[in-house]
Amino acid sequence: AARVQVCPAAGFLFSRLKGSGALASVFDFRQADGHKVLQSSIQEFLCSEAMFHLGVPTTRAGACVTSESTVVRDVFYDGDPKHEKCTVVLRMAPTFFRFGSFEIFKPADEHTGRAGPSVGRNDIRVQMLDYVIGSFYPEIQAAHTHCSDHVERNVAFFREVIRHTACMVAEWQCVGFCHGMLNTDNMSIVGLTIDYGPFGFLDRYDPDHVCNASDNTGRYSYSRQPEVCKWNLQKLKGQCCPVLRTVSVVICFGDNLQSHRKCVGLASTSLHLSSLCTGADFTNTFSLLSSFPLEPQSPGLAEFLTTLTSQCASLEELRLAFRPQMDPRQLSMMLMLAQSNPQLFALIGTQANLARELDRVEQQSRLEQLSPEELQSRNRGRWADWLQEYRVRLERDMEGAGDVVAWQAERVRVMKANNPKYVLRNYIAQRAIEAAEKGDFSEVQRVLKLLESPYHSDGEAAGGTEAAEAVPGGQSYSSKPPLWAAELCVT
């Protein structure tokens, strides 16, 4: 017997099938036992759909099916394993060809001596390129049909892969998305977001935010995503075709990244600096700026500044964020080791990790001497100064406008079209998961419906104000996350 729930708007299936462990034993993400679980499946399902409706290139989620069969997982890596329901997510994409697919031609690694299984098989490489270009880049194939060789075609193909990848990562950063495992096997050859685990959207703005609990060096941090994508493109270039070595990944990727950042409205460095200093909520800060009153003496300016300041991190949030990760004695030992035996230190830690830990200690010391009132006053002053600069910039942009009212309306329209009100915050997903674990998928479907209109107001999305605001805990889906959410990690 099966109890099936269907989301009418999307046609996606949620099913609880008793005794269907075999159905769920398609994926193995943790213990090599072939099972994926409910927690990560719902996260993946919701996030891939959220990204699609945000306009970010992505694979899609077609169905999520869960059974009564269970496996033991430590989903939060906190030493508290529990039984999790086995689950399968059906994902859809034009292709699942990845950068890593071409690593079958990889020569022997200088450290391990291992080589790809098809090293030296140029005949297979030619077949793969013909298939990928002909199937997924037909316009490039058509443009080079009459060429005697494939050199120009392959170069054009690789440049297009660079463009797609740069556009994708620019879109990620515009909406505050952080991919936690950007190796070559998680990079799509057609520039789609794949492998939703681990991942996370920024809450408090932090360019060094890492959403992967096992990423101790910050390789996949939010700000380093373009750098990692560029590195992956370099690896792809080395495996696809020797002639591609003439293509500069650095120049092509950088030009496409900057161009697309401007198209999607990624804001200036000065805004990021203000957001960083105050721990401002990434999504809500950008969303609020569309309602900034242009007139210097506007009666709504003080209220706007108050609302903006309310999006800054509280003292409790900052103390939690900058909480030292090492015991003081361990830190002292690491510092002595770094000075006395750099070679041994290099084996067990990095200078960057040590620097980050010292920064946490310093920040924590400053925060201990700060009161909530002092923090709020400081944040208000910083945003007041930034808004003055912002007004000057807007006035300069407005100078060439013949119709000021029409210009202002267009500015608001563009900002609302590029800065979402809703993203899949960790705490929103967690609440839906906790309900689903008890057999209630209504919150999953409700969140899914809301994420279909991420750029709309509360009243326009999810069927009206009541649907958008009546959230457990008395918060809106667009609210800053509660303090407990800072400890959540998507695995």
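**A walk through salt bridges and helix pairs**

Start by selecting Glu362, which counts as partly exposed at 40% relative accessibility. Keep in mind that what you have open is a predicted model.

Now add Arg366 to the selection. Its side chain and that of Glu362 meet in a salt bridge, 2.5 Å from N to O. Show the backbone here too: both residues belong to helix α14 (residues 351-368), and because they are four residues apart in that helix, about one helical turn separates them.

For another group of charged side chains, pick Lys36, Glu44 and Arg91. Salt bridges with shared partners join these into one network. If you feel like hunting for others, a search of the whole structure finds 20 salt bridges.

Next, select Arg121 and Asp123. They form a salt bridge too, with the closest N and O atoms 2.7 Å apart. Turn on the surface and check both ends: Asp123 is partly exposed at 38% relative accessibility, and Arg121 is partly exposed as well, at 40%.

Then jump to Arg204 and Asp206. This salt bridge has its closest N and O atoms 3.8 Å apart. Which end is buried, with a relative accessible area of 17%? That's Asp206, and it counts as buried because its value is under the 20% cut-off. Arg204, with 22%, is partly exposed.

Time for some helices. Switch to a cartoon view and color α10 (residues 301-309) and α15 (residues 372-398). Their axes come within 10 Å and cross at roughly 120°. That makes the two helices oblique to each other. Look at the way α10 passes α15: the crossing is right-handed.

Show side chains where they touch. On the α10 side you'll find Leu301, Phe304, Leu305 and Leu308, among others, while the α15 residues they meet include Trp383, Leu387 and Arg391. By class, this contact has eight nonpolar, four polar and two charged residues.

For the last stop, select α17 (residues 426-436) and α18 (residues 442-451). How do these two helices lie relative to each other, roughly parallel or roughly antiparallel? They pack at an angle of about 150°, with axes 7 Å apart, and are therefore roughly antiparallel.

Zoom in on the contact itself. Ile428, Arg431, Ala432, Ala435 and Ala436 come from α17, and they meet Glu443, Val444 and Val447 of α18. Color these by class and you'll get six nonpolar residues, two charged ones and no polar ones.

Terms used
Residues numbered from 1 in each chain as written. Predicted model: local features only at pLDDT ≥ 70, side-chain atom pairs only at ≥ 80, totals over all residues. Heavy atoms only, no water. Salt bridge = Lys/Arg side-chain N within 4 Å of Asp/Glu carboxyl O. Buried < 20%, exposed > 50% of the residue type's maximum accessible area, 1.4 Å probe, protein only. Axes fitted to C-alpha atoms, helices over the stretch in contact; angles between N-to-C directions. Parallel < 35°, antiparallel > 145°, perpendicular 65-115°, else oblique. Contact = heavy atoms within 4.5 Å. Nonpolar A, V, L, I, M, F, W, Y, C, P; charged D, E, K, R; others polar. Left-handed = near helix turned anticlockwise from the far one by under 90°.
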